[in-house]
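Subject: Structure for you to look at

Hi,

Here is the structure I promised to pass on. Please open it alongside this message and follow along.

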Amino acid sequence: MSRENIPEHVAIIMDGNGRWAKQRGLERWEGHKEGVEAVRRVLEAAGNAGVKYLTLYAFSIENWNRPKEEVDILMGLMVDAIVAETDNLMKEGIQVRAIGNLTDLPDKVRQKLNGLIEQTASNHHLTVVLALSYGARWEILNAAKQLAKDCQTGKVKDVEAITGDVFSDYLTTAGIPDPDLLIRTSGECRLSNFLLWQLAYTELYFLDKFWPDFEKEDLYLAIRNFQKRERRFGMTGEQLKK
């Protein structure tokens, strides 16, 4: 894999844990547990490849509608993973951030997550962004409400001066560059309410493999595919060559 044109920011919709388990006659939670192992592999692979930001769609707002038993198990796995991975994250220089409606998370999960975010804040080798209780429509609506309040209070004085960059600062991803590459596993070809604003010019890569089967080489293949593409951002190829 060439070291040129490495995507600065890779986002992943980690899909297929439950179906992976069902194919093997296992409980759904066992698929989620195996999915944690895939996260470990992709963290190492992203760091080795030179990716600077890795955003993982870990739990959507819609996922709260799943059976309570499954949600409870997921939350427990999340706490266990946070505790288990802390030392390794520090060793590898990985900073953790989180986006989403985090107030909806159980107190224990939120406390452990906040502790991890604080502990890893000075790490700079790779920034991992966990999307938890996240939904893009919720995020955009929330940003619009806050911007409207700032207009009402006079904090924002010139409505005509509001640009896309200004609006982006109201999103939960403020300060994080937009993804260059989005990977979705499991063969599904949709965005599922994930980073709808931020993915406007992101390259999309769909993989017909369940998340627990995702290997390091799968990330490298996605990056190599990305490196072959020409990103024009509305311009022509000739303009880019000038």
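Below are notes on its helix packing and its empty spaces.

This is a predicted model, where local features need pLDDT of at least 70, side-chain atom pairs count only at pLDDT 80 or more, and totals for chains, interfaces and linings use all residues. Residues are numbered from 1 along each chain as its sequence is written, and side-chain values use heavy atoms, with hydrogens and water left out.

Let's begin with helix H2 (residues 28–49). The axes of H2 and helix H3 (residues 68–91) come within 10 Å and cross at roughly 25°. The two helices are therefore roughly parallel (an angle under 35 degrees). H2 passes H3 in a right-handed crossing. On the H2 side the contact (heavy atoms within 4.5 Å) is made by Arg28, Trp29, His32, Lys33, Val36, Arg40 and Leu43. H3 brings Glu70, Ile73, Leu74, Leu77, Ala81, Ala84, Glu85 and Leu89. By class, that contact has 9 nonpolar, 1 polar and 5 charged residues.

H2 also packs against helix H7 (residues 216–227), at an angle of about 40° with the axes 8 Å apart. H2 and H7 are therefore oblique to each other, and their crossing is right-handed. The contact includes Arg41, Val42 and Glu44 of H2, with Lys216, Leu219, Tyr220 and Ile223 from H7. Its residues divide into 7 nonpolar, 1 polar and 3 charged.

Now to the spaces. The largest pocket (on a 1 Å grid over the protein atoms alone, an open set of points with protein on both sides within 12 Å along at least five of seven lines) has a volume of about 970 Å³. It is lined by 39 residues (each with an atom within 4 Å of a point), and Met14, Asn17, Tyr57, Ala58 and Phe59 lie nearest its centre. Elements giving two or more residues to this lining include helix H1 (17–23), strand E2 (53–60) and strand E4 (126–134). The lining divides into 21 nonpolar, 8 polar and 10 charged residues.

There is also 1 cavity of 30 Å³ or more (a cavity is a set of grid points where a 1.4 Å probe fits but cannot get out). About 50 Å³ of space lies in the largest cavity. Among the residues lining it are His9, Thr55, Ile99, Val129 and Gln198. Which classes make up that lining? It has 6 nonpolar, 4 polar and no charged residues.

Best wishes

How values were computed
Points joined across faces, edges and corners; volume = space filled by probe spheres on them. Nonpolar A, V, L, I, M, F, W, Y, C, P; charged D, E, K, R; others polar. Axes fitted to C-alpha atoms, helices over the stretch in contact; angles between N-to-C directions. Helix = DSSP H or I, 4+ residues; strand = E, 2+ residues; numbered from the N terminus. Parallel < 35°, antiparallel > 145°, perpendicular 65-115°, else oblique. Left-handed = near helix turned anticlockwise from the far one by under 90°.
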